[in-house]
Amino acid sequence: MSVQEYLDKHALSRKIEDAVNAAVRAKTPDPVLFISNHMKKSVPSMITKVKARQILDSRGIPTVEVDLYTNKGMFRASAPSGASSGMYEAIELRDGDKGTYLGNGVSRAVRNVNEKISEALIGMDPTLQSQIDQAMIDLDRTEKKESQLVFTRPLLHFSNLFLPLRESAFWEFFFQSELGANAILAVSMAACKAGAAEKEVPLYKHIAVLSGNTNLSLPIPAFTLISGGKYAANFLPVKQIMILPIGARQFEEALQMGSETYHHLKAVISKKYGTDGCSVGEDGGFAPSITSIREGLDLVKEAIGRTGYSEKLKIAIDVDATEFCIGTKYDLDFKSPNKSDQNFKSGEDMINIYKELCSDYPIVSIEDPFDKEDWEHAKHFSNLGICQVVGDDLLMSNTKRIERAVEESACNALLLKVNQIGTVTEAIENVKLAKDAHWGVVISQRSGETEDAFIADLCVGLAVSQIKAGAPCRGERLAKYNQLLRIEEDLGDQAVYVGDDWRLS
């Protein structure tokens, strides 16, 4: 093929002429750069390659990272991971080979991206997020059908023991995701970043358009100050004690308040328990050797008093009660090695404990105050209207459970973990569901985090009221908070911090 034939085939002469004319009209001082950018814009963007790899999360456990390529460049995302997963949430795919990463490797999920998802998505427009996510969901369903053909025969006699469950949780558990929720989510997030680049807008603005949201806002950060539960080597039964800088006027001020309180708390703990008490849990919260909720709350209250922000800071608790629920009782001494008897509490006892705590401390939010299947006490406590009641294990970011909780008034706020739901599109839909019910929304970190700050943009784009990203400490946590600083700066005079209106957003 001659040069002229090549030019004619691709209409290059006309395209180059158009680019030159545009450069002249723009009176650009750098015509080569202008023409190059002009030519790039004239090419319809499409996904050209999807490449995954195994990386390590903040706990040193493998997770999936994806590089998604378009003609605009390469866009990277990584999937966070929780310490545990429930049968109602999207299931990660792990290798199970105990000789490699103790069974936690994700090479199969990586292979699914490189060999199956990539093939399905190449050529798609990265701005069409819902179509990309649906393509992966459809592909996953196809893979599930194939897996059922393999497993049906050996499981047939076993499944007969579970006839009441055959159309519900049992099958959801076994066939939730063949491709791996970790594989699908990482691709979904990377595609979202590529879509923003194609539109030449910040990621949070692209997410706002995808969700139909026109009112952007900066969320209140729920800073973890003290860690307990199964995530810290102390005897505190509850998972986290946090602060909410409700009285700040800007996110930048909120971050300052969180950082200063964190460092004052470190001094308080060091004085009372020695420097050994300043060890931290998985998300950066301090883990002093305390045994009761009140002991931890007193430490936080003292630290707040030292800051001068007493009227601007409120307290939140993540109880994570499922972890110490035995049958219908709650064992607040479940971590104590020398207990003579189990400190069992009934659901009613727990309600009375929460009422007293909210009366004695500036607590405005309690997460998972009861077991994930204790709907009756959750409804009773939520209807008291004492504080925000956040559903995490109760909901597991599962649409059906959210709908049930809305109908029964079992809580009044959704804790959304993107890896529990599986794709960006499904996350957007669940936030809409919660907002339609006039709930609060908390977008949350996982115990296994990466330096990917995607959830910061997601919070602003969806205008949710709160972000829970851990302590103002540790790089993978600060990545989210620092990104919110950048977004606030980018919005300038249009930046709105939720502040006092956090329950109404």
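**Strand 10 and its surroundings**

Ser 365 of strand 10 has Gln 388 as its bridge partner in strand 11. From strand 10 the chain runs through helix 12 (residues 375-383) to strand 11, and this β-α-β crossover is right-handed. The two strands pair in the parallel sense, over three bridges. All of this is read from a predicted model.

Strand 10 also has a partner in strand 6 (residues 314-318), and here the pairing, again in the parallel sense, extends over four bridges. Within it, Glu 367 of strand 10 stands opposite Asp 318. How enclosed, then, is strand 10 by the rest of the structure? Five of the five residues of this strand (residues 363-367) are buried, so strand 10 is largely enclosed.

A helpful place to look next is Asp 392. This residue lies in the loop that links strand 11 (388-391) to helix 13 (399-408). Although it belongs to a loop, Asp 392 has a relative accessibility of 2% and counts as buried, because the cut-off for that class is under 20%. Leaving aside residues up to four places away in sequence, Asp 392 touches Glu 367 and Asp 368, together with Leu 415, Lys 417 and Gln 420. Glu 367 thus appears in two settings: opposite Asp 318 and in contact with Asp 392.

On the scale of the whole protein, the domain assignment gives domain 1 (3-39), domain 2 (47-142 + 176-197) and domain 3 (220-494). The centres of domain 1 and domain 2, taken over C-alpha atoms, are separated by 38 Å.

Conventions:
Residues numbered from 1 in each chain as written. Predicted model: local features only at pLDDT ≥ 70, side-chain atom pairs only at ≥ 80, totals over all residues. Heavy atoms only, no water. Buried < 20%, exposed > 50% of the residue type's maximum accessible area, 1.4 Å probe, protein only. Contact = heavy atoms within 4.5 Å. Pairing = 2+ DSSP bridges. Right-handed = clockwise from strand over helix to strand, strands pointing away. Domains from an automatic or database assignment.
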